[in-house]
Each structure stands twice: as C-alpha cells, then as structure tokens.
Amino acid sequence: MSDLFDTEPNREECEWEERELEKNGLHYELTRRRFVQTAGVLSAGAAVGLPGVAIAETPMTRPITLKVNGKSQRLSLDSRTSLLDALREHLDLTGTKKGCDHGQCGACTVLIDGRRINSCLTLAFAAQGAEITTIEGLATKLDPKDLSELHPMQAAFLEQDGYQCGYCTPGQICSAVAAVEEHKRGALSIVSLHTGKTDPPEITDDEIRERMSGNICRCGAYPNIVAAVRAVTRGVSA
Ligand code: FES
Ligand code: FES
C-alpha cells in the first residue's frame, strides 16, 4: 500500500504532460496531476494539523465605526461581517434576531436612516455613516413595564398581544414602524394599486398585511400583529 503522504509529483510524468500540452498549443505552469497532488497534500496536512504546512491567513479585519441607537461604536470587523452579526456578536444587541440568515423571514429587520432593511443581507461596512436603529433603540428607556417609555408600536404590540414566542417580534415592530412612515410619505403598495385608493393610500387591514408581508411569524400571531399596527395608524384596536 502506498504511503498516503507520498505525493511528491513524478517529475518525468509532469514533464511529459507539459510537453504534450505545449505540442497542442497549450501551456500550463501547473498540470492537472500536480494540481491534484499539491491540493491533496495541502488539505491532508491542514486536516491533521501537520507542522510545517502553513495555512495562509488573510487579514480581513478593518476598523469600522457604526452609529447604533444614537451611539458611535468603534469595532474591528472582518469586512464580510453582516450587520446582523455585528449587532448580535460584537455589540451584544441581541434583540435583533437571526431567523433564516437569507433575507426571507424579516426577523433581522432594523432601521437604517429610518428605512427598514434585512440586516442579515447588509454588510456592516455598508452601514457606516448611517443611523442604525434596533429594537433596543426604539424605547426611550429599557423598562418593559413602563409603557410610557416604549415606542407607540412596542406598546401596541404589548396591548394587542401581537406575539406568542416573541422571536419574530423585534423584526415585526421595526418593520411596522417603518411601514407606518412609508404610508405617511404616501408610498404605494400593490394593494393600493389594486384598489385604486392611491391618493393617499388608505391604511386598510389589507394594506397592513401587504406592507408587513416581509415579516414571517411561525406562531401565526398575524391577526394581533395587524391589530397592533392598526391601533397605531388608525387608533382602532379591534
Ligand atoms: S434572518 Fe434576515 S431575513 Fe431572516
Ligand atoms: S411570535 Fe413566534 S414567530 Fe412570531
């Protein structure tokens, strides 16, 4: 049985391959055989942690300043870090939740300059210079028992029982805050276009459902979520 690590390329074979390639108008510094052998020994060495097999380190961390909930925060982050991971893993702001990490559930919704975004799809570096608001930044104080200190949307979710397990709730609330602002600005939704009520669009329950459709709730608390947004937009709680 041949030694697993006896992978020194056979010089004669390699030279023969290179000659053949050149004859056909092709020239490669690295033949297929050499490539496979070299890749094999590198990965085998990495897997067993062989001394002398150096794994290249790519220094990717960069200094970054993020303005979160009104406070500037200096960090050193891998340039590929998502805003979601920066908030949760580096700033300890775990109110923002990671659901799918693929832009499909809305659990990670935060506000950037007042607009809602999926923080799992946003690079932290892309958010430099912007005002980032998370669920923790909506309340003026962090006392959940004092409704007067909560953002009206947070209070409405509490009053209307707009959650069950609560996992989607921070994203729902951030999304709802921005949806109400979008409505105030006269932004249309597909429902406004279908109903023709576009000037300004009336905030019906269908409008609320459509505008909140990027936020999924596995517990199915949708009727109460709609009631909470309705309470804030129309002052109607049921
Ligand atoms: S975690 Fe970002 S959309 Fe699901
Ligand atoms: S309250 Fe549980 S996922 Fe929405």
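## Close-up views of the predicted model

**View 1. The pairing of β3 with β4.** In this predicted model, V110 has I117 as its bridge partner in β4. That pair belongs to a ladder in which 4 bridges join β3 to β4, and the two strands run antiparallel. The hairpin made by β3 and β4 has 2 residues between the strands, and within this hairpin D113 takes a positive phi near 50°.

**View 2. The pairing of β1 with β2.** Strands β1 and β2 also run antiparallel, and here 8 bridges join them. T61 finds its bridge partner in β2, where D78 takes that place. The hairpin of β1 and β2 has 2 residues between the strands, and the residue in it that takes a positive phi, near 50°, is N69.

**View 3. Strand β5 and its two partners.** On one side, β5 pairs with β1 in the parallel sense over 2 bridges, and V68 stands opposite I132 of β5. On the other side, β5 (residues 131-133) is joined by 2 bridges to β3 (residues 109-112), and these two strands run antiparallel. In this second pairing L111 stands opposite T133 of β5. As general background, the strands of a sheet pair through backbone hydrogen bonds, in either the parallel or the antiparallel sense.

**View 4. The whole sheet and the helix packed on it.** Taken together, the strands form an open sheet of 5 strands in the order β2-β1-β5-β3-β4, with mixed pairing. Because β2 (71-78) and β4 (115-118) stand at the edges and have a single partner strand each, one side of each is left without a neighbour in the sheet. Neighbouring strands of this sheet are turned against each other by 45° on average, if direction is ignored. Helix α6 (residues 169-184) packs on the sheet, where it touches β3 and β4, and the direction of α6 makes about 40° with that of β3.

**View 5. A salt bridge between K67 and E131.** Side chains of opposite charge can pair when their charged atoms come close. K67 forms a salt bridge with E131, and the closest N and O atoms of the two are 2.9 Å apart. The pair links distant parts of the chain, since K67 lies in strand β1 (residues 61-68) and E131 in strand β5, 64 residues apart. Over the whole structure, a search finds 10 salt bridges.

**View 6. The largest cavity, beside α6 and α8.** Rolling a probe the size of a water molecule over the atoms shows where empty space is left. The count comes to 1 cavity of 30 Å³ or more, and the largest cavity has a volume of about 40 Å³. The residues that line the largest cavity are A179, V180, I203, E207, I208, R211, M212 and V229. Two elements, α6 and α8 (205-211), give two or more residues to this lining, and α8 gives the most, with 3 residues. By class, the lining of the largest cavity has 6 nonpolar and 2 charged residues, with no polar residue.

**View 7. The second largest pocket.** This pocket, the second largest, has a volume of about 230 Å³. Its lining is made up of G99, C100, C105, A107, C165, Y167, C168, I216, C217, R218 and C219. Divided by class, the residues lining the second largest pocket are 9 nonpolar, 1 polar and 1 charged.

Key. Residues numbered from 1 in each chain as written. Chains lettered and ligands numbered in written order. Predicted model: local features only at pLDDT ≥ 70, side-chain atom pairs only at ≥ 80, totals over all residues. Heavy atoms only, no water. Pairing = 2+ DSSP bridges. Axes fitted to C-alpha atoms, helices over the stretch in contact; angles between N-to-C directions. Contact = heavy atoms within 4.5 Å. 1 Å grid on protein atoms, 1.4 Å probe; cavity = no way out; pocket = protein on both sides within 12 Å on 5 of 7 lines; lining within 4 Å. Points joined across faces, edges and corners; volume = space filled by probe spheres on them. Nonpolar A, V, L, I, M, F, W, Y, C, P; charged D, E, K, R; others polar. Salt bridge = Lys/Arg side-chain N within 4 Å of Asp/Glu carboxyl O.
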